[in-house]
Amino acid sequence: SGIGFADFILDKKIDIGDKIIVSGGIGEHGTALLAKRFELETSIETDSKPLWEEIDCIKNLIKQAKDITRGGLAAVLNEVAEKDRKQFLIYEECIPLLKEVRALTEILGIEVYSLACEGRFICICSPENEKEVLEKLKKFNGMASVIGEVKEGKDVIVQTRFGKKILGMPSGNI
């Protein structure tokens, strides 16, 4: 835990058409822990790290940011969408994911969207700032990507290659 004073708060109103960006590949922390727990050999390393530098360099370009910790990407997207009463349309093909992470989650039958990402965050920005935010984040992690956009409605919808599905809030712990 920490105690201090905030210089700024990233909780501005989001608008229809705003872009949703993830700061790097998802699921690396969660799969690194699972591999250790199940004594599996893997090259996956935790993504755990402080986020201050990344957030600081984009704070004037974004409307909101939230770290992807407990509950993973699924929890964070649902929390923000519900709080702001908006629909998030997420494009599955744009979500950055290491091949090793995908393979391990498939082997273990675990939903990658629910895994903790201790060194990643999502942020929301206007379409005008999308390119600059992405350029700045890619200096920290080349896998930073625009993964979706804000729409009218509710829920987090994932566009897959087979159609759309609702990405619900995770129901339990791993």
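Here are a few points on the nonpolar cores and on strand β3 in this predicted model.

1. Start with the largest nonpolar core, which has 33 residues. If you want a way in, look up Ile26, Leu73, Leu77, Phe88, Ile90 and Tyr113, since these touch the most other members.

2. Next, see where that core comes from. Helices α1 (28–37), α3 (72–84) and α4 (99–108) each give two or more residues to it, and so do strands β1 (19–22), β3 (87–91), β4 (121–125), β5 (145–151) and β6 (156–160). The biggest giver is α3, with six residues.

3. Leu77 is worth clicking on. Setting aside neighbours within four places in sequence, Leu77 is in contact with Ile20, Phe88, Ile90, Ile122, Val156 and Leu167. Two of these names, Phe88 and Ile90, you have already met among the residues that touch the most other core members.

4. Don't stop at one core, though. A second one, separate from the first, has 15 residues. Leu10, Leu51, Cys125 and Leu137 are among them.

5. Now for β3: is this strand mostly covered or mostly open? Covered, with four of its five residues buried.

6. Strand β3 also has two partners to look at. With β5 it pairs in the antiparallel sense over four bridges, and there Leu89 has Glu149 as its bridge partner. With β6 the direction is parallel, again over four bridges, and Tyr91 stands opposite Gln159.

How values were computed
Residues are numbered from 1 along each chain as its sequence is written. This is a predicted model: local features need pLDDT of at least 70, side-chain atom pairs count only at pLDDT 80 or more; totals for chains, interfaces and linings use all residues. Side-chain values use heavy atoms; hydrogens and water are left out. A nonpolar core is a set of buried Ala, Val, Leu, Ile, Met, Phe, Trp, Tyr and Cys residues joined through side-chain atoms within 4.5 Å. Buried means under 20% relative accessible area, exposed over 50%, partly exposed in between (1.4 Å probe, protein chains only). Contact means heavy atoms within 4.5 Å. Two strands pair if DSSP finds at least two bridges between them.
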